[in-house]
Amino acid sequence: MDSALVIGGTRFIGRHLVVDLLDHEYDVTIFNRGTRENPFADDDRVDHVEGDRTNDTALEAAATTVDPDAVFDCVAYHPKDVRAATRLFADCEAYVYVSSGAAYGHEEIPKREGETPLHSCTTEQATDDSAESYGNRKAEGDRAVFAAADDGVRAMAVRPPIVYGPHDYTERLDWWIDRVNRFDRVVVPGDGTNVWHRVYVEDVASALRIVAERGTAGEAYNVGDRRLVTLEEMVALIGETLATEVEIVHAGPRELAAGDIDLEDYPLYRAYPHVLSTAKLAALGWESTPLEEAMARAVDDHLESDRDGDGNGPDREAEERVLRVLETL
């Protein structure tokens, strides 16, 4: 494969995917509405076709104009988007859909492709835009990929969990980096041992390309850091990366109540472990970035940005009330 069309391509996962494809000598075209700043505007290696991916006519025009070998769908948020894309790009060598670990409908450790059941999706959920239906819609998108493969399309899906790294607009990890960078004492909800699988964004990008090149039609592939850490270990790693001393203070529901805080108010907290098996992807030759290196890049990018994650978690004043209560115990 020599040419690629990235649907999206300017914000986060798609942005890193474009870089990865360029590094592997692909001719790259991005297709999006042009409503966000294009980081590749001055790069003559990247063409830009403007259009709304939810408009089938615009997407068909892009398919005719570009005629790519591989299509990477980074912004398919509804099942109908996947069905349209797999139909319009049926003759391409590969169509890769960015799904999500949220597509899994059962709590298992680890969640495995083809074994752990996916969420169901009602007609109403398929057209919904709420966060509550996100996993349902992603699961139905996966089923659209499987159906396309049954019809002869080389379509595949990649399922990442929480993605972090440079240009992360969600700012979930930024909230924690900001806490560790500004305060000596950092409140960690619960006992700090909860696990929510995460994945470095550049590793998602390489996974998408590798699946396009080596994956099997009709298959889904989990992607995630090969080394998992608890929330407390993550905070400690941020401290080490920043070369700063950090005192981790655990607070359970009773203590957090002093600040009118719930455990779930903290970003990257999840009561039940969310762990994805990545063995299937690794069998294709994919490797993940060492965790210390990935965190160092994420922290450096945070320090160079204006992101602080504000609004993603409890405010510091509320946490100070919790800390004062803990000091009296």
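The disulfide count for this predicted model comes to 0. The cysteines C74 and C92 are each other's closest cysteine partners by sulfur position, but 15 Å is too far for a bond. Besides the cysteines, this briefing covers an open pocket, enclosed cavities, a largely buried helix and one buried aspartate. The largest pocket holds about 1000 Å³ of space, and a search of the whole structure finds 2 cavities of 30 Å³ or more.

**Cysteines**
- A disulfide is a covalent bond between the sulfur atoms of two cysteines.
- Such a pair needs its sulfur atoms within 2.5 Å.
- The sulfur of C74 has its closest cysteine sulfur in C92, 15 Å away, so the two are too far apart for a bond.
- C74 counts as buried because its relative accessibility is 11%, under the 20% cut-off.
- C92 also counts as buried, at 13% relative accessibility.
- C74 has a second role here: C74 is among the lining residues closest to the centre of the largest pocket.

**Largest pocket**
- About 1000 Å³ of space lies in this pocket.
- The lining takes in 40 residues, and the closest to the centre are R11, C74, V75, Y77 and Y169.
- Helix 1 (13-23), strand 2 (27-32), helix 5 and strand 7 (162-164) each supply at least two lining residues.
- By type, the lining divides into 16 nonpolar, 15 polar and 9 charged residues.

**Largest cavity**
- The largest cavity encloses about 100 Å³ of space.
- Of its 13 lining residues, Y164, R198, D225, V229 and L291 are the closest to the centre.
- The lining is made up of 9 nonpolar, 1 polar and 3 charged residues.

**Second largest cavity**
- About 40 Å³ of space lies in the second largest cavity.
- Its lining consists of Y164, G165, P166, D168, L173, D174, I177, A298, D301 and R307.
- Helix 6 (172-182) and helix 11 (291-304) are the elements that give two or more residues to this lining.
- Helix 6 gives the most, with 3 residues.
- The split by type is 5 nonpolar, 1 polar and 4 charged.
- Y164 appears in the lining of the second largest cavity and is also one of the residues closest to the centre of the largest cavity.

**Helix 3**
- Helix 3 spans residues 79-88, and 7 of its 10 residues are buried, so the helix is largely enclosed by the rest of the structure.
- The buried residues are P79, D81, V82, A84, A85, T86 and L88.
- The cover over these buried residues includes helix 2 (56-66), helix 4 (123-126) and helix 5 (134-150).
- Strands contribute to the cover too, including strand 4 (70-73), strand 5 (94-98) and strand 6 (155-159).
- Helix 5 thus helps cover helix 3 and also supplies at least two residues to the lining of the largest pocket.

**D20 in helix 1**
- D20 sits in helix 1.
- D20 is buried, with a relative accessible area of 11%.
- Leaving out residues up to four places away in sequence, D20 touches A205, S206 and R209.
- Helix 1, which holds D20, also supplies at least two residues of the lining of the largest pocket.

**Annotated span**
- An unreviewed UniProt entry lists residues 4-224 as "domain: NAD-dependent epimerase/dehydratase".
- The end C-alpha atoms of this span lie 23 Å apart.
- The span is 35% helix and 19% strand.

Note on methods:
Residues numbered from 1 in each chain as written. Predicted model: local features only at pLDDT ≥ 70, side-chain atom pairs only at ≥ 80, totals over all residues. Heavy atoms only, no water. Buried < 20%, exposed > 50% of the residue type's maximum accessible area, 1.4 Å probe, protein only. Helix = DSSP H or I, 4+ residues; strand = E, 2+ residues; numbered from the N terminus. Contact = heavy atoms within 4.5 Å. UniProt positions renumbered as here; feature names shortened; annotations may be inferred. 1 Å grid on protein atoms, 1.4 Å probe; cavity = no way out; pocket = protein on both sides within 12 Å on 5 of 7 lines; lining within 4 Å. Points joined across faces, edges and corners; volume = space filled by probe spheres on them. Nonpolar A, V, L, I, M, F, W, Y, C, P; charged D, E, K, R; others polar.
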